[in-house]
Amino acid sequence: MEYAIELKGISKQFGTLFANKNVNLQLKKSEILALLGENGSGKTTLMNMLSGIYMPDSGSIFINGKKVSISSPEDSAKLGIGMVHQHFKLIERFSALDNIRIGLREDKSFLLKKDTKNEVMKMAEKFGFDIDPDKLVSNMSVSEKQTLEILKVLCYGAKIIILDEPTAVLTVQEIDKLFAVLRKMKEEGHSIIIITHKLNEVMAISDRVTVLRHGEYINTVNTAETDEKMLTELMVGRKVNLFIERPPIEKTKPLLEIRGLTVKNDEGAVAVDHLDFYIRGGEILGVAGIAGSGQKELCEAIAGLRPIVEGKMIHKGENIVGLSPKKILEKGISMSFIPEDRLGMGLAPSLSITDNMILKNYSEPKGPFIDRKSAREEAKKVIERLKVVTPSTETPVRKLSGGNVQKVLLGREIKSGPNVLITAYPVRGLDINSSYMIYNILNDEKKKDVGILFIGEDIDVMMALCDKIMVICHGKLQGVVNSNHTTKEEIGLMMTGALNLVDKGGKTAGIARDSGFADNEETNETEEAGL
Amino acid sequence: MKKYHLVRRPRQSLGRLLIYYLIGIVISLGIGAILLASLGINPFEYYGRMLTIGMIGNKYAYKNVEGFLKILVPLLITSLALGLSFKMRFWNIGGEGEFLIGAISAAIVAFNVTGLPRPLTIVLMCVAAMLSSGLLGLAVAFFKVKFNTNETLVTLMINYIMLYVITYLGKTKEDWNFFLDPKSARPIFGKFPETGIMTGIKIGNFNLLWSVIIAIALIVLIYVYLKYTKHGYEISVVGDSNATAKYAGMKVGKIIMRTMFISSALIGLAAGLTASSSGTISETITNNVGWTGIVVAWLSKLNTPAIAVTSVLIAILQFGCKTAATKYPSIDSNFADLLQGIILFSVLTADFCATFTIRKKEDAKND
């Protein structure tokens, strides 16, 4: 049988590290192949060799049975391979149509704008894409941008489509929509590789699954003949308990109460809109919302990094609005935000672990000098406690793997013994093992009566880990639900703004019954909606 | 089908880097030797004089050391200063302009403050130089922080502005222009009064200028400043990631302005010291340290001890060529620039070769 893609014995080395070692992979025509593996198992590297970003050190690539050499993205496109990257490659100031036009090659690049538009719209119709060709990318939602990326590679004539973690930024409903498009593409004779580490999605969409582990090829199985447990074992190499613990803890009075908080984003638009919520000690409050619904601005506002337009923030009965980031930190409110690139905020990548430990309190010792000695001790403690894999305390953070970077960050945040821990996307891009390690760390903090705000991406995880979930849409509160009494679908609807539970049954979500607000005596309402 | 491609070497080793550097320098000296030979000059003799800065068989060898130090000190201080701002990823390429404004300010003090003791006058000159350069740098940083102007462009333009200012001062014969020599009919820069000219410690015939001692102290000070102080820590964090610095509660704008002030003020100090030790100013007083300093800082990978060593090597090259050239009429000190260019190229190539290697692609064994 002739395969759309066949990879034989592909190896790629970065320094001493094998990103891929003797990997084999076959993609049949008109099939959806899931490429499964933990973080750092070499999935993206392997696919980047197909899209011409890297060249393999050894091994051969066959496209439709013919041996080829791909040394640039140009070569890759000519062979009919299109890759949709995890981080979109779009020009924000261009319209959807112009983004497609700039990449058209040869004969097509001379087409008139309206002819291209016709072609694009025909293609969109064929696969059931919902897209406005004249909309600027900067005005698009994440899911629209992704649609555009897929449409773009289709317009360039790609027959083989590679999607790198396409679902990471989508809501449940959007994922369903994406999967429908993928199935349609499959019917039209396209072959698809989808990179992911979400097992339920693998089961839902793929025909076969190829598993990589530590850069090596493990196995390929038919999706119909396998289950999530077996896939996990293939992926991790041993049995894993997929249960996320949620220890019940006696809750304390509200630690941090936020009332009517309004914050603007960098562009001056309202990002957080009259938000009410509170966190008790000993509870994890999840924040669910589509990417860019004001999560980042909320974090920055609480940490004192972003000016507050309106609203109150009361921490243990004290107003913290207008305090400097340093003062807020001293009150025991610690914020860790893992941005998309995972290094941009919170850590200085070229600096050593030791130097990163003192990032927030380097100015504490008296005199002009920094105290590196105790920093090193702290680094040692964090490395030991969170089992960070590193050659030494003096290793630059950027040389660590993703999981270890996040452990360093979280380790620093909890070493100062905060009473409110705000953590955004702490498991972003982490593999199963590291993710569970992070959940355990958070649960340990919860047991110490720390109030935790957990801003996450994966609804399944949030429902397992968090006591309550607050859903926001365009910076507005859609309601606070109890994890035991809600469904994924309900949260999904709230995320898109289709369902609003703020005033469910005459109760107002986000305002504590035993609030510390003095002016709150007459509003003796709810604990949480849905309870 | 492409068979070879470049890959990063698995391990970076300092030993390999130094060996590659050495090979690069030897190759460039070889190219220089061919050029010299084609001009009828014995390259060994020439290099011999160059590397020993003309001291061998010279009755006045100490004079050569003095001359060498006069080239070294401004280059060293400027490179250290530029390293400071580069570490913060602030692309200050205005070393020339900052140097010139410093020199002009020092000259203003030297010509106008008379009657004070010499040490006090010189200190005043240096303070004036540091303040003027520092404020210029501060202004650039202020615009960067406030309006996000491009510091590379702004500092670049400052170089030309200051160059034209000093050219204007040097070419305008008017009554108000105290910079000029009143005795000369042609406009030329005058010599400072005695109180504005630096002396040093006499060691036999050799005169160790105070500026040398200051420069050596600065190496240590800046090393400590960058490595062990809170300020130094802030500079590395801001340089590494602006977002992280803000998140840590650092006042990034303040740090940028402070560091840029210090960096420029140090260049001003170099200018003040240079003006005072040469006893006059001129359009060429910078000896291009604003540019060469950038090269030194990057060749040293912004490492303070390495900056000191590289400055010494470049100064030997420059001064050595100058002295060697005096013996051969067919060649002048421009050969130093040529040789410096060739060496720079080969060292950068060596750096690349030490980082990357070529690997042959193998096909799958089971083809």
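## Pairing in β11, β14 and β15

Two strands count as paired when DSSP finds at least two bridges between them. With that in hand, take β11 (residues 254-264) and β14 (residues 308-315) of chain A in this predicted model: 6 bridges join them, and the two strands run antiparallel. Within that pairing, A:V263 sits opposite A:I308 of β14(A).

β14(A) has another partner, β15 (residues 318-319) of chain A, and here too the sense is antiparallel, over 2 bridges. A:H315 faces A:E318 of β15(A). The hairpin these strands make has 2 residues between them, and A:K316 takes a positive phi near 50 degrees there.

## The six-stranded sheet

Chain A also has an open sheet of 6 strands, ordered β16-β17-β18-β13-β19-β20, with mixed pairing. Its edges are β16 (333-337) and β20 (476-482) of chain A, each of which pairs on one side only. Going from one strand to the next, the twist averages 15 degrees.

At the β20 end, strand β19 (residues 468-473) of chain A is tied to β20(A) by 6 bridges, with the two running antiparallel. If you want a register to check, A:C473 stands opposite A:K476 in β20(A).

## Helices lying across the strands

Which strands does helix α9 of chain A lie across? This helix (residues 295-302) covers β13 (284-288), β16, β17 (420-424) and β18 (451-455) of chain A, and runs at about 150 degrees to β16(A). Helix α14 (residues 432-447) of chain A lies across β13, β17 and β18 of chain A, at about 150 degrees to β18(A).

A:D444 belongs to helix α14 of chain A. Is A:D444 buried or exposed? Neither, quite: it counts as partly exposed because it has 13 C-beta neighbours inside 10 Å, while the exposed class stops at 12 or fewer and the buried class starts at 20. A:D444 and A:M335 are 109 residues apart in sequence, and their C-alpha atoms are 17 Å apart in space.

## Domains of chain A

The domain assignment splits chain A into domain 1 (5-236), domain 2 (247-332 + 419-531) and domain 3 (345-416). Note that domain 2 is written as two segments. Between domain 1 and domain 3 of chain A, the C-alpha centres are 37 Å apart.

## Where chain A meets chain B

The contact draws 33 residues from chain A and 27 residues from chain B. On the chain A side, the elements giving two or more residues are β1 (5-14), β4 (58-63) and α10 (325-330). That side of chain A divides into 16 nonpolar, 13 polar and 4 charged residues.

As for scores, the model comes out at ipTM 0.82 and pTM 0.78. Chain B has a mean pLDDT of 90, with 98% of its residues at 70 or more.

## Positive phi in two loops

A couple of non-glycine residues are worth a look on a Ramachandran plot. A:S30 has phi near 50 degrees, a positive value in a residue other than glycine. A:S30 is in the loop between β2 (17-27) and β3 (32-36) of chain A, and with 16 other C-beta atoms within 10 Å it is partly exposed.

Over in chain B, B:R89 has a positive phi of about 55 degrees, and it isn't a glycine either. Where is B:R89 found? It is in the loop between α3 (61-87) and α4 (95-112) of chain B. B:R89 has 14 C-beta neighbours inside 10 Å, so it counts as partly exposed.

Note on methods:
Residues are numbered from 1 along each chain as its sequence is written. Chains are lettered from A and ligands numbered from 1 in the order in which they are written. This is a predicted model: local features need pLDDT of at least 70, side-chain atom pairs count only at pLDDT 80 or more; totals for chains, interfaces and linings use all residues. pLDDT is the predictor's confidence in each residue, from 0 to 100. Two residues are in contact if their C-beta atoms, placed from the backbone, lie within 7 Å. Helices (H or I, at least four residues) and strands (E, at least two) are DSSP runs, numbered from the N terminus. Ala, Val, Leu, Ile, Met, Phe, Trp, Tyr, Cys and Pro count as nonpolar, Asp, Glu, Lys and Arg as charged, and the others, Gly among them, as polar. Axes are lines fitted to C-alpha atoms, for helices over the stretch in contact, and angles run from 0 to 180 degrees between N-to-C directions. Domain bounds come from an automatic or database domain assignment.
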